[in-house]
Each structure stands twice: as C-alpha cells, then as structure tokens.
Amino acid sequence: MALKLHGSPYSTATKRVAIVLLEKHVPFEFIDIDLVKGEHKAPDFVAKQPFGLVPFIDDEGFILYESRAIGRYIATKYASQGLALIPTSDLKTAALFDQAVFSEVANFEGPAQALCYEKWFKSMIGQEADETVVAENKATLEGTLDVYEIVLSKHAYIAGNELTLADLFHLPCGARVKGIFPELFSSRPNVAKWLEALERRPSWQAVKDGI
C-alpha cells in the first residue's frame, strides 16, 4: 500500500514533504485537502492532525504530522534509496547538519512564511498585505540571508558540501519568496546560486506549480 500524503497542493509545508518523497524515490498517493472549504478543520482530519494543519502522512496506518518530522522519517526509513539527505558519517558532520536544520526553523521559516502569507496568500483571497508586517519580516529575512551568504561562500550547501534535508526544507518558502522579492536573492550571489541549484532539481520541478 502506497504512503498517503494528505495536504494542499499549494502549501509550502506539503511541498516540503513531497520533494523529500521524490528525492527518496518513494511512491505516494496524494490526498488533496481543500483549505478554502475548511477540510483541514473537519473532525476526521483533526482526529489525525489535532492542530488542523497540513500536511500529515498515513504510512500503512502510522500517522505523522509536522513536515520536517515527516521528512526525517522518510529519509531515515528509506536511507538506502536516493541521496542520503541525513549525514551520519561522523558526530561533527551530523551536528553541523542539525545546526543547519534548526537554523532554518529559528531564523528563516518565520520571516519567509510571514512574507508568503502577506504577499502571496492574502492576494489569493483578495486581501491587502500589511506593509508594516512585510517591511519588518523582509528586514529580518535580509539579516538571515546575509549570514547565509557567508556560510555559502564556504561550501555549496547550507550544512556542507552535500545536499541534505536542511537545504530541501528551505526550498518551498525560499522559492516563493524569491518570486515576490527576487532582489533578496539576486543581491547575494552565493545564496542565489544555492537556491537556483535547488530549484533545478527534478523533485522541485515536479511540485513547484502544485502537487
């Protein structure tokens, strides 16, 4: 039985899971949850994802939510398929990977997601962006990308010279923000090169316009 991914085809968190599945060559069935209709708040959905958010997976009865936890689960379960994505060669390499993963959550996701919400999602539902919120989060994200510019001057990927989950976790929000504010990336050549390489990956090309 194929793993089932329950989510929205336009959700950055759902795409985060989908690209990991594709990188690991894991067949899956996509179950489209209509957020506009509120299907993510329906009792059957909340019984499996109590926060009422997308996505979650059903792997032969094993239910798991939170996109990064799902990504780690997939990369670990299917370690022998596709790229490793989680380095295990030595303690220090593994620690640098964890550092990059936690930095994405602590320093990138918040402002990037806020910009996506204000400038992309609100436009989809006919609302005006709060430009004060946009300016604050854009400034915060610029600070993060300035650090990334230094990090990526030393190696090709955010945790070292190999592609890992840390890079893939950035991709959905990063690509969407780039579409809104391309100068945030083009003004930082190392960051631009890194994101462009991620965007060229077949896994992203398969889901970038919807799953």
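**Figure 1. The C-terminal span in a predicted model.** The end C-alpha atoms of residues 90–211 lie 35 Å apart, and this span is 75% helix and 0% strand. The structure shown here and in the following views is a predicted model. In UniProt, an unreviewed entry lists residues 90–211 as "domain: GST C-terminal".

**Figure 2. The N-terminal span.** Residues 1–82 carry the UniProt annotation "domain: GST N-terminal", again from an unreviewed entry. Over residues 1–82, helix accounts for 33% of the chain and strand for 22%. The C-alpha atoms at the two ends of residues 1–82 are 20 Å apart.

**Figure 3. The open sheet and its edges.** Four strands form an open sheet in the order β2-β1-β3-β4, and their pairing is mixed. Strands β2 (28–32) and β4 (62–65) stand at the edges with a single partner strand each, so one side of each has no neighbour in the sheet. From one strand to the next, the twist averages 20°.

**Figure 4. Parallel pairing of β1 with β2.** Strand β1 (residues 3–7) runs parallel to β2, and 5 bridges join the two. Within this pairing, K4 has E29 of β2 as its bridge partner. Helix α1 packs on the sheet, where α1 touches β1, β2 and β3 (56–59). The direction of α1 makes about 155° with that of β1.

**Figure 5. The hairpin of β3 and β4.** Strands β3 and β4 run antiparallel and are joined by 4 bridges. F56 stands opposite Y65, a residue of β4. The two strands form a hairpin with 2 residues between them. One residue to locate in this view is E60, which is found in the loop between β3 and β4. Although E60 is not a glycine, its phi is positive, at about 55°. Helix α3 lies across β3 and β4, and α3 runs at about 130° to β4.

**Figure 6. A cis peptide bond before β3.** The peptide bond that leads from V54 to P55 is cis, and its omega is near 5°. P55 is placed in the loop between α2 (43–46) and β3.

**Figure 7. Packing of helix α1 with helix α3.** Two packed helices are described by the angle between their axes and the distance between the axes. Helix α1 (residues 12–23) packs with helix α3 (residues 67–77) at an angle of about 5°, and their axes are 9 Å apart. Helices α1 and α3 are therefore roughly parallel to each other. On the α1 side, the contact is made by A13, R16, V17, V20 and L21. On the α3 side, S67, R68, I70, G71 and I74 take part. By class, the contact of α1 with α3 contains 6 nonpolar, 2 polar and 2 charged residues.

**Figure 8. A salt bridge between helix α4 and helix α3.** Side chains of opposite charge can pair when their charged atoms come close. A salt bridge joins the side chains of E109 and R68, with 3.3 Å from N to O. This pair links distant parts of the chain, since E109 belongs to helix α4 (residues 91–124) and R68 to helix α3, 41 residues apart. R68 is also one of the α3 residues that make the contact with α1. In the whole structure, a search finds 12 salt bridges.

**Figure 9. Crossing of helix α5 and helix α8.** Helix α5 (residues 131–151) and helix α8 (residues 189–199) cross at roughly 85°, and their axes come within 7 Å. Helices α5 and α8 are therefore roughly perpendicular to each other. Helix α5 contributes L145, Y148 and E149 to the contact, while helix α8 contributes P189, N190, V191 and W194. The residues of the contact of α5 with α8 divide by class into 5 nonpolar, 1 polar and 1 charged.

Key: Residues are numbered from 1 along each chain as its sequence is written. This is a predicted model: local features need pLDDT of at least 70, side-chain atom pairs count only at pLDDT 80 or more; totals for chains, interfaces and linings use all residues. Side-chain values use heavy atoms; hydrogens and water are left out. UniProt positions are given in the numbering used here, feature names are shortened, and annotations may be inferred rather than shown by experiment. Axes are lines fitted to C-alpha atoms, for helices over the stretch in contact, and angles run from 0 to 180 degrees between N-to-C directions. Angles under 35 degrees count as roughly parallel, over 145 as roughly antiparallel, 65 to 115 as roughly perpendicular and the rest as oblique. Contact means heavy atoms within 4.5 Å. Ala, Val, Leu, Ile, Met, Phe, Trp, Tyr, Cys and Pro count as nonpolar, Asp, Glu, Lys and Arg as charged, and the others, Gly among them, as polar. Two strands pair if DSSP finds at least two bridges between them. A salt bridge is a side-chain nitrogen of Lys or Arg within 4 Å of a carboxyl oxygen of Asp or Glu.
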